[in-house]
Amino acid sequence: MHTARDLVGLSELTAVYILWFDDWYDGPRSGLARYQDREFWFAAVELAADDDWRGPRRHILHVIDEDEAAAEWREHRSFVAEVGGACLHEPRCPERPLATVEEMRRWYERHPPESGPDYLSRPAVGWFGDESCSDDP
Ligand SMILES: [Zn+2]
């Protein structure tokens, strides 16, 4: 998660398409997005200390390389196949009906969230707001 300070020096981007998310709280918090025909990692900015998500949310786009994007796609497809419901792209990945809490817990046991790379320290190309997201073309 980012704080408002991380926005300093970054410009607003438009026409950013969120493809899927790996974290959700009242909306996507992190995941993969497409911008200018490239894939980037996005991470939400926490604007209020009290975790108040009312109002538009901002996300920072981070550079990841093609191998990392491919690895994240594999994780995403595996998650959707076994747990379900994280695609915002069309057509959606083959998915199952939403998993039970126990099935979800087992998936996270095999794919601990903290084991992945820390993309938040990667170069940022700018930020975008939820309100500037368009539907995936
Ligand atoms: Zn998907």
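Which residues does Asp 23 touch, not counting residues up to four places away in sequence? In this predicted model, Asp 23 touches Arg 29 and Ser 30 under that restriction. Asp 23 is part of strand 2. Because Asp 23 has 13 C-beta neighbours inside 10 Å, and a residue is exposed at 12 or fewer and buried at 20 or more, Asp 23 is classed as partly exposed. Ala 43 lies 20 residues away from Asp 23 along the chain, and the C-alpha atoms of the two are separated by 9.2 Å.

The protein contains two helices and six strands. Their order along the sequence is β-β-β-β-β-α-α-β. Of the 137 residues, 22% count as buried. When contacts between residues at least 6 apart in sequence are considered, 59% join residues at least 24 apart.

The largest nonpolar core comprises 21 residues. Within this core, the residues that touch the most other members are Ala 33, Phe 40, Trp 41, Phe 42, Ile 60 and Leu 61. At least two core residues are supplied by each of strand 2 (17-24), strand 3 (28-35), strand 4 (38-46), strand 5 (58-63) and strand 6 (124-129). Strand 4 provides five residues, the largest share of this core. For Ile 60, with residues up to four places away in sequence left out, the residues touched are His 2, Asp 6, Leu 10, Phe 42, Ala 43, Val 45, Ala 124 and Trp 127. Ala 43 thus recurs here as a contact of Ile 60.

Helix 1 spans residues 66-82, a total of 17 residues. From the first C-alpha of helix 1 to the last, the distance is 24 Å, close to the 24 Å expected at 1.5 Å a residue. The buried residues in helix 1 are Glu 72, His 76 and Phe 79. These residues lie on the same side of helix 1, because they cover an arc of only 65° around the axis. An α-helix has 3.6 residues a turn, so residues three or four places apart point the same way. Strand 2, strand 3 and helix 2 (101-110) are among the elements that cover the buried residues of helix 1. On the face turned away from the buried side, helix 1 carries the exposed residues Glu 66, Asp 67, Ala 70 and Arg 74. Just after helix 1, Gly 84 adopts a positive phi of about 100°.

Methods:
Residues are numbered from 1 along each chain as its sequence is written. This is a predicted model: local features need pLDDT of at least 70, side-chain atom pairs count only at pLDDT 80 or more; totals for chains, interfaces and linings use all residues. A nonpolar core is a set of buried Ala, Val, Leu, Ile, Met, Phe, Trp, Tyr and Cys residues joined through C-beta atoms within 7 Å. Helices (H or I, at least four residues) and strands (E, at least two) are DSSP runs, numbered from the N terminus. Two residues are in contact if their C-beta atoms, placed from the backbone, lie within 7 Å. The expected span of a helix is 1.5 Å times one less than its number of residues. The arc is that of the directions from the helix axis to the C-beta atoms.
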